[in-house]
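Q: Could you take me through the place where the two domains of this protein meet, and what holds to what there?

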Amino acid sequence: MMALFDKFNKLASERAELFPTGLSPFETRIEEVYSPTEARIGGRRVLLAGTNNYLGLTFAPECIEAAQKAVEREGTGTTGSRMANGSYGGHCALEAELGDFYQSNSVIVFSTGYLASLGLIGTLAGAQDIILLDADCHASIYDACRLSGAQIIRFRHNDVADLEKRLQRLKKHADNTLIVVEGIYSMLGDRAPLAEIVAVKRRYGGYLVVDEAHSLGVLGEHGRGLSEEAGVATEVDFILGTFSKSLGAVGGFLASNHPESEFLRYASRPYIFTASPSPSVIASTRAALQLLRSRPQLRERLWANATQLYRQLQALGYRLGPEPSPVVATLLGSRQQAVAFWQGLLERGIYVNLVLPPAAPGGYTLVRCSVSAAHTPAQIDIICQAFADLRAILEQPDALVDSHGS
Amino acid sequence: MAEYQQILDRLYTHLRPMAPQGTTLDEDTDLISEFGLDSVNVMDLLLEVEEDFDISVPLNLLADIRTPKDLACTIIRLLEAE
Ligand SMILES: Cc1ncc(COP(=O)(O)O)c(C=O)c1O
């Protein structure tokens, strides 16, 4: 019989092997934050290239002022859930503003994007239903599927033919199916082939959920995300989003034109049994949404930076994700190599995200850069220079073994 | 039983390339604790197997699939249900 904590033995030994000094990249302390792109880590000033601060709005004066006013006017927290303890004006105003932004008649704000996913998918799909999810979907979607009790079927990442085959196999059950994809996938930065997915859905039936966590404010003429960019917004049944990335706060939402989705407020445990977002968080999110809408130049800046980083790393010979995007993933070899690479970047004053399997798809190890509209072209050059200095790590032998981490 | 053996043999062709060096494989090998796959490897294996047999295996069934034998029996059941 295994003792309660024995399940952590494997984790403990992996951690000791990968991080012998005891300092793990997964326990990084940001000691001080100076701006959307600079902070102090390990006593040194570093350039931040591993946030999800796509529009660089975390220090926008408009957002800070809105949050300050809200905290003074309405206090630090709501101390309860919306159903039991009431909605504040800000919650309702934000829902109305998001409804206007997406031209959706139902928007529900949740306390995080993770909870929005649990709240929609975990509640709407039941034991008689089926969920078809892209293999590379985020953990929040996997968890939501589990919570639902539905039959969970995974299709190959971005493979529309595989999705189609599976819908075909479901026959009449296709009508009871939720298809779940993401606008931009968080690890490799690639988009879903949404127009083709919508075409398949049209042919076989089902409902489509698009998690726009990484594409809100990033894609589409108005920044609504991939559903806008692909021109299929009216055929997406449910849009999930988060305030924690381009809007620089915390929280999440569901937008839909199915009037029945309002019932999720009564049925969704992740909506009912957790406290609603604080007034200051809602206020800064509303201000950030206004900036997202009124300043398309933020999106242009972001894409100029993203393209610059992607092209330069490509020219250095790095293996990257399949297409330029604000998420730029550099694929590496063994776990040890990836850790050494991540540390090398930090020593050169660049903070990025280290991602190891199973968090990275396909058994890859990678370092993930995320670009911000707040980066200057000169800062992007500094990041690229550090990558150029680290080419040598890739040329060391042993490097490309162990891609399954065994 | 002939069908079972054929399915098992086809599973082995998918499994062998994933084998860490020096691991043995038979119908009772535990795919995770003995064969060394992690949960994502198992889900990726499933994608290949599903394509080969032209079926979808719901992830809900994974909790009860520990060995090649379990997987083969699941496949037979799903093929029969068609
Ligand atoms: C695709 C995706 N969905 C949902 C989430 C969760 O968002 P939140 O941070 O608001 O919980 C994330 C981010 O972690 C994500 O990458």
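A: Happy to! One term before we start: a salt bridge here is a side-chain nitrogen of Lys or Arg within 4 Å of a carboxyl oxygen of Asp or Glu. Please keep in mind that this is a predicted model.

The domain assignment splits chain A into domain 1 (17–48 + 296–399) and domain 2 (60–294). Domain 1 of chain A brings 20 residues to the contact, and domain 2 of chain A also brings 20 residues. Taken over C-alpha atoms, the centres of the two domains are 28 Å apart.

Together, domain 1 of chain A and domain 2 of chain A bury about 1400 Å², with 58% of that area on carbon and sulfur atoms. On the domain 1 side, A:Arg299, A:Glu323 and A:Pro361 supply 37% of the area buried against domain 2, more than any other three residues.

Now for the polar side of the story. Between the two domains there is one salt bridge: the side chains of A:Glu323 and A:Arg191 meet at 2.6 Å, N to O. The count of residue pairs in polar contact between the domains, both at pLDDT 80 or more, is five.

As for the elements involved, α13 (296–315), β11 (327–332) and β14 (365–370) of chain A each provide at least two residues of the domain 1 side that touches domain 2. α13(A) gives the most to that side, with six residues. Sorted by class, the domain 1 side of the contact holds 14 nonpolar, three polar and three charged residues.

Methods
Residues are numbered from 1 along each chain as its sequence is written. Chains are lettered from A and ligands numbered from 1 in the order in which they are written. This is a predicted model: local features need pLDDT of at least 70, side-chain atom pairs count only at pLDDT 80 or more; totals for chains, interfaces and linings use all residues. Side-chain values use heavy atoms; hydrogens and water are left out. Domain bounds come from an automatic or database domain assignment. Contact means heavy atoms within 4.5 Å. Buried area is the accessible area (1.4 Å probe) that two parts lose on being put together, summed over both. A polar contact is a pair of N or O atoms within 3.5 Å; within protein, one must be able to donate a hydrogen and the other to accept it, and residues adjacent in sequence count only if both atoms are side-chain atoms. Helices (H or I, at least four residues) and strands (E, at least two) are DSSP runs, numbered from the N terminus. Ala, Val, Leu, Ile, Met, Phe, Trp, Tyr, Cys and Pro count as nonpolar, Asp, Glu, Lys and Arg as charged, and the others, Gly among them, as polar.
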